[in-house]
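Trainee: I'm new to this one and would like to look closely at just one part of it. Please pick a spot and take me through it slowly.

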Amino acid sequence: EKRISIAIDGPAAAGKSTVAKIIAENLSYIYVDTGAMYRALTYQAQQQGVKLESEEALLRLLNETEIELKPSENGQIVSVNGKEVTNEIRSAEVTNSVSIVAKHRSVREEMVVRQQKLAQNGGVVMDGRDIGTHVLPHAEVKIFLLASVEERAQRRHEENVRKGFPSNLEQHKIDIARRDKIDSEREVAPLKKADDAIEIDTTALSIEGVVEKILSIIHERV
Ligand code: C5P
């Protein structure tokens, strides 16, 4: 059976990584969380005091930063230069700055080279903002996941409460909307549905419902 490429894009906290992981597992494909790569660079920059506005300094840092994504039982382990940063890259400090880092053209170009290398043999589910438009423009299946800001903030909030983390629903709404705005309005590879992507509004759907929809789209095409 042919091992295809599946691109899943959409705004912040739309459930992309949750469904992408399940689909990859279901098909025995590799899962690549491209947001984790931008987050890892952001974390590294903050650790080293590199200015997030400086494209040149960030590119230099990226060129000496190995980012590794490894599958694990409860998701994915992310390491930079051999040090695990799986939880660190989900902090509010990283989340609220990553869109600044992701604006820079040369940083994106290097990330895209790395992402295309990970996908070169097919059999991949990749999620992000520009996968269907730029990273894997020839992906056999392209999905664009949407949900209202209220619904996405609510899901984030419930997830935090479940984990016992402090959480503020109104703040999530503000942060999510702000990140979407920066990601959609940037000059280089903005968040945008590819013309040939299939849009799924997940606002009223369960995770299982979304997974089922995407799997049926995949099975139609393979
Ligand atoms: O998917 P996640 O929310 O972890 O992505 C974090 C940030 O990384 C996004 O808000 C966006 O600024 C950036 N990103 C991107 N292109 C991608 C994936 C993520 O610009 N393909």
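**A close look at the sheet**

Mentor: Let's start with a single pair: Asp 9 has Phe 144 as its bridge partner in β7. Keep in mind that this is a predicted model. That pair belongs to a longer seam, since β1 and β7 run parallel and are joined by 4 bridges.

Now zoom out a bit. Both strands sit in an open sheet of 5 strands, ordered β2-β6-β1-β7-β8, with parallel pairing. At the edges you'll find β2 (30-33) and β8 (198-201), each of which pairs on one side only. On average, neighbouring strands of this sheet are turned by 20° against each other, if you ignore direction. A helix packs on the sheet too: α10 (residues 207-221) touches β1, β7 (141-146) and β8. Compare directions, and α10 makes about 160° with β7.

Back to β1, this time looking toward β6. Strand β1 covers residues 5-9, strand β6 covers residues 124-128, and the two pair in the parallel sense over 5 bridges. You can follow that seam by eye. Ser 5 stands opposite Val 124, Ala 7 has Met 126 as its bridge partner, and Ile 8 stands opposite Asp 127. As a general point, strands of a sheet pair through backbone hydrogen bonds, either parallel or antiparallel.

What about the other neighbour of β6? That's β2 in the strand order, and β2 and β6 pair in the parallel sense over 4 bridges. Have a look at Met 126 again: Val 32 stands opposite this residue, and Met 126 is also the partner of Ala 7.

Next, are the residues of β1 and β6 buried or exposed? In β1, 5 of its 5 residues are buried, and in β6 the count is likewise 5 of 5. To see how that works out face by face, remember that side chains in a regular strand alternate between the two faces of the sheet. In β1, Ser 5, Ala 7 and Asp 9 are on one side, Ile 6 and Ile 8 are on the other, and all of them are buried. β6 has both faces covered as well: Val 124, Met 126 and Gly 128 are buried on one side, Val 125 and Asp 127 on the other.

So put your finger on Asp 9 once more: this buried residue of β1 is paired with Phe 144 in β7, and across on the other seam you have β6.

Key
Residues are numbered from 1 along each chain as its sequence is written. This is a predicted model: local features need pLDDT of at least 70, side-chain atom pairs count only at pLDDT 80 or more; totals for chains, interfaces and linings use all residues. Two strands pair if DSSP finds at least two bridges between them. Axes are lines fitted to C-alpha atoms, for helices over the stretch in contact, and angles run from 0 to 180 degrees between N-to-C directions. Two residues are in contact if their C-beta atoms, placed from the backbone, lie within 7 Å. A residue is buried if 20 or more other C-beta atoms lie within 10 Å of its own, exposed if 12 or fewer, and partly exposed in between; C-beta atoms are placed from the backbone.
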